[in-house]
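Please open the model in a viewer and keep the sequence panel visible beside it. The tour proceeds by selection, one stop after another.

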Amino acid sequence: MRFLRTGLAAFFVALAVIVSAAAQDDRSQAIENAANAVAEIRTAINEDAVEEPGVVEQRLRDLRAAGRVQLSAIERELEAVRAQIDLLGPAPGENEPPESEILANERSQLEARRARLAGERTRVLANIYETNELLARLSGAQVGALYRSLTEREASPLLPGQLGAAAQSAGDVAGRIERYFTSWGETRRGEGAYGRSVAIIIAALLVSLMIFGPVSRWIAGTFSAALEKRKPSPARRVVVAGLKMAARTAPGIIGGLIIIETLRAQGILTPAGEAAAPAFWIGVLSILVVSGFTAGFFAPSLPAWRIAAIDADRGRAASRLALAIVVVFSLDELLSAIGVAARADAALLQLVDAAAAIAIGVCLFLLSRSRLWRMDDKKSAGGWRLLRRAGRGLAIVIVGAALAGYVPLANFIATRIVYLALFIGLAWLMRAILAEFALAVRNRLAAQEDREDQAGSANYRFWSRLLINTMLVIALAPAVLVLFGVPGAMVRDLSTQALFGFNIGGFHIPSVAKLLAAVLVFVVIMGATTLIQRAIQRGPLAHSRADAGVQNSLITLLGYAGLIIALFASISSLGFDLGNLALIAGALSVGIGFGLQSIVNNFVSGLILLFERPIKVGDWIVTSSGEGTVKRISVRSTEIETFDRSSIIVPNSELISSTVTNWTHKNRIGRITVPVGVSYGSDPEKVKEILLQCAHDHPLIVSYPEPFVTWMDFGASSLDFEIRAFLADISQGLTVRTELRFAIFKAFHEAGVEIPFPQQDIYVKSLPESFTPKKESGHA
């Protein structure tokens with residue numbers, strides 16, 4: 001049977017080797033061709049001989065995509081070869097009989113194939129790494145070229161020659177636009193549909209205008225009005241401003257779609273004029289967004305919901321200036337799109353950009369005036385002051401650059417300010433909405449006492465807002481990079497690497513998704529462990545007779561087990577081999593043995609304390625460090641609370657290696673001793689009877705073992721007795737001893753038993769002969 005199994009394994013292995021041989025030759029040639037192509041592109045980039053960067057970039061991306069397909073196929077084949085080698089079983093050892101010649105040949109062929117596949121995998125990875133590097137260099141070169149072009153000076157657009165060329169180009173553009181619409185009209189008249197097309201376009205415009213009122217009122221009445229009835233907060237103010245923005249923007253989105261689709265259906269939007277319509281639509285939406293948000297930001301009619309701490313008049317002025325900036329920006333985008341579509345001269349495009357930049361710079365300077373933003377809140381005024389100064393500085397740079405001939409630079413700064421302001425405004429709105437949602441979730445799920453916990457609420461707000469801010473920064477980072485000139489392809493590559501991981505020197509850095517998944521796995525397992533701990537603590541342990549120390553030990557050990565499982569599960573989800581992790585731990589064992597010897601010793605000692613339980617939580621112990629009750633046994637140390645309510649932190653190793661007195665180790669029964677002395681004239685039997693009666697009368701003293709009296713000694717001043725009794729709970733020993741002393745003192749007083757003072761008799765045997773006692777002087 002074993003021979004048959006071995007023969008079948010060899011047959012299938014040989015068949016797989018024959019089938020894949022031809023495919024491997026073709027793939028090896030393809031890998032070699034890709035390496036040569038990458039080398040040629042590298043040479044061209046190094047020699048600055050790239051004439052068409054877009055074509056070269058696309059070629060590199062195709063090579064990278066093909067390499068990834070090859071890598072996936074190679075890895076699948078490697079897994080198959082490893083499985084076939086495992087099917088043959090392990091190779092015979094030195095003292096074992098050799099395997100058959102057939103199996104030896106098949107094993108040799110498989111090992112050779114695995115080595116060949118590993119070599120191909122290395123070459124493909126090298127090609128992929130090189131394409132990534134070259135793509136990054138191309139993207140960097142594009143960014144550098146962009147910023148170099150921004151700093152190139154051109155003729156000022158206000159020079160007479162430039163103005164004349166721009167005016168002539170404007171006339172040409174107007175003529176082309178007129179001919180464009182005339183051609184469309186003649187075409188529609190020839191089809192007999194001119195009147196119908198005009199009527200449909202007018203109807204689409206009317207419908208777009210009519211939906212503004214109902215949609216705006218519905219949003220305001222449904223959401224904004226309901227929220228304004230609640231108490232204003234910073235997040236709610238921003239949400240209300242966002243709702244006002246949505247009330248104006250939503251009809252614009254719907255109406256713009258209606259108009260654009262109507263124009264496209266009627267044949268006005270041909271490929272030549274396709275770019276102008278989206279520019280117009282985006283411009284209108286930008287105006288609606290800013291007008292709506294400034295209406296909520298300054299809120300002239302609702303001072304309690306005003307975000308900016310300025311009065312209504314200043315708010316209206318600031319709102320007009322902000323709206324003017326967006327209007328100029330939208331007109332610049334629209335006119336530039338029309339000019340490009342109508343083949344306008346560069347002088348006209350430069351004049352449009354320069355005029356828009358100067359207008360935006362002037363409005364920004366006026367918007368940054370200090371008297372427009374005078375505030376009573378000193379804390380808020382500091383941040384606004386810095387923002388105003390930055391705005392004034394940028395406004396001066398924009399206007400100066402446009403007048404000096406640096407029109408692309410001025411236009412770039414001006415448009416990026418508008419885009420960045422829109423991005424920040426939308427992010428601010430999203431942040432407020434998410435913060436309000438997080439607060440609503442907590443109020444819905446948390447208990448009443450948790451909602452009233454001020455410290456807990458503050459911590460929840462801090463961490464939830466930190467998470468929201470981090471998410472928004474990550475989401476906005478790609479858009480901001482593209483905004484400032486980084487090619488979209490490069491941003492996409494960076495985002496892909498961040499999401500799916502990347503390699504550095506052969507080491508794979510896990511992706512953000514895997515990191516988040518690992519964190520989620522850890523949190524879920526730890527949360528499940530906590531739930532299980534609570535369920536066991538409230539269920540079986542609460543209805544068992546196990547004392548608090550045993551219960552604490554079991555719950556703590558369960559927590560350690562959950563922590564270990566969570567750690568290993570999260571590490572496995574990142575793709576790390578736990579076998580390799582064991583090798584790393586073995587390599588670090590020497591360092592751990594020396595550098596972390598104390599920590600490891602205390603950790604192991606803590607585990608011994610939890611398993612062996614010589615002490616447990618709630619025990620009354622006496623150590624060389626102090627005496628008290630065990631409050632907590634942690635990984636490194638044990639916390640002991642003294643009877644003075646101070647805490648002693650004792651390393652776990654000390655409790656294992658040193659002598660510890662545990663008053664409550666097996667049970668809480670303990671003996672107390674109260675010494676008492678009586679005068680020599682007292683009746684010892686009566687004293688014994690009184691002491692035993694006091695012990696029997698005390699409710700905390702057990703009847704078995706019975707209390708007893710011991711006559712200790714004949715003291716110098718008294719007969720010394722001790723009453724010894726047992727308590728069910730030795731932790732009450734101090735209280736019982738005190739109460740016994742009160743009872744004994746009272747019983748001795750009633751029975752006439754005297755508790756003597758210490759006394760000492762002095763006998764003088766002789767005096768010096770010269771000693772003469774003095775006579776006392778008296779008065780007659």
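Begin by selecting C363, which is buried because its relative accessible area of 12% lies under the 20% limit. This is a predicted model, and the values quoted at each stop are computed from it.

Next, select C694. This cysteine is likewise buried, with a relative accessible area of 10%. How many disulfides does the count come to? The count comes to zero disulfides.

**Second stop: a residue within a helix**

Select residues 512–538 to display helix α16, and then highlight T529, which is found in this helix. Is T529 buried or exposed? T529 has a relative accessible area of 9% and is therefore buried. To see what T529 touches, add L558, G559 and G562 to the selection; residues up to four places away in sequence are not counted among these contacts.

**Third stop: strands in the antiparallel sense**

Select residues 719–727, which form strand β10; eight of its nine residues are buried, so the strand is largely enclosed by the rest of the structure. Now add residues 670–678, strand β8, which pairs with β10 in the antiparallel sense over nine bridges. Within this pairing, V676 has F721 of β10 as its bridge partner.

Keep β10 selected and add residues 708–714. This is strand β9, and its antiparallel pairing with β10 runs over six bridges. Which residue stands opposite F721 in β10 here? That residue is W711. With four residues between them, β9 and β10 form a hairpin. As a guide to viewing any such element, the side chains of a regular strand alternate between the two faces of the sheet.

**Final stop: the second largest pocket**

Turn next to the second largest pocket, whose volume is about 780 Å³. Its lining comprises 30 residues, and those closest to the centre of the pocket are L263, L269, A276, A277 and F280. Select these five to find the place.

To display the surrounding helices, select α4 (160–190), α5 (194–210), α7 (234–265), α8 (276–298) and α9 (312–341), each of which supplies at least two residues of the lining. Which helix gives the most to this lining? The answer is α7, with seven residues.

Finally, colour the lining of this pocket by residue class. The colouring should show 23 nonpolar residues, five polar and two charged.

Conventions
Residues are numbered from 1 along each chain as its sequence is written. This is a predicted model: local features need pLDDT of at least 70, side-chain atom pairs count only at pLDDT 80 or more; totals for chains, interfaces and linings use all residues. Side-chain values use heavy atoms; hydrogens and water are left out. On a 1 Å grid over the protein atoms alone, a cavity is a set of points where a 1.4 Å probe fits but cannot get out, and a pocket is an open set with protein on both sides within 12 Å along at least five of seven lines; lining residues have an atom within 4 Å of a point. Grid points are joined across faces, edges and corners, and a volume is the space filled by probe spheres set on the points. Ala, Val, Leu, Ile, Met, Phe, Trp, Tyr, Cys and Pro count as nonpolar, Asp, Glu, Lys and Arg as charged, and the others, Gly among them, as polar. Buried means under 20% relative accessible area, exposed over 50%, partly exposed in between (1.4 Å probe, protein chains only). Two strands pair if DSSP finds at least two bridges between them. Contact means heavy atoms within 4.5 Å. A disulfide is a pair of cysteine sulfur atoms within 2.5 Å.
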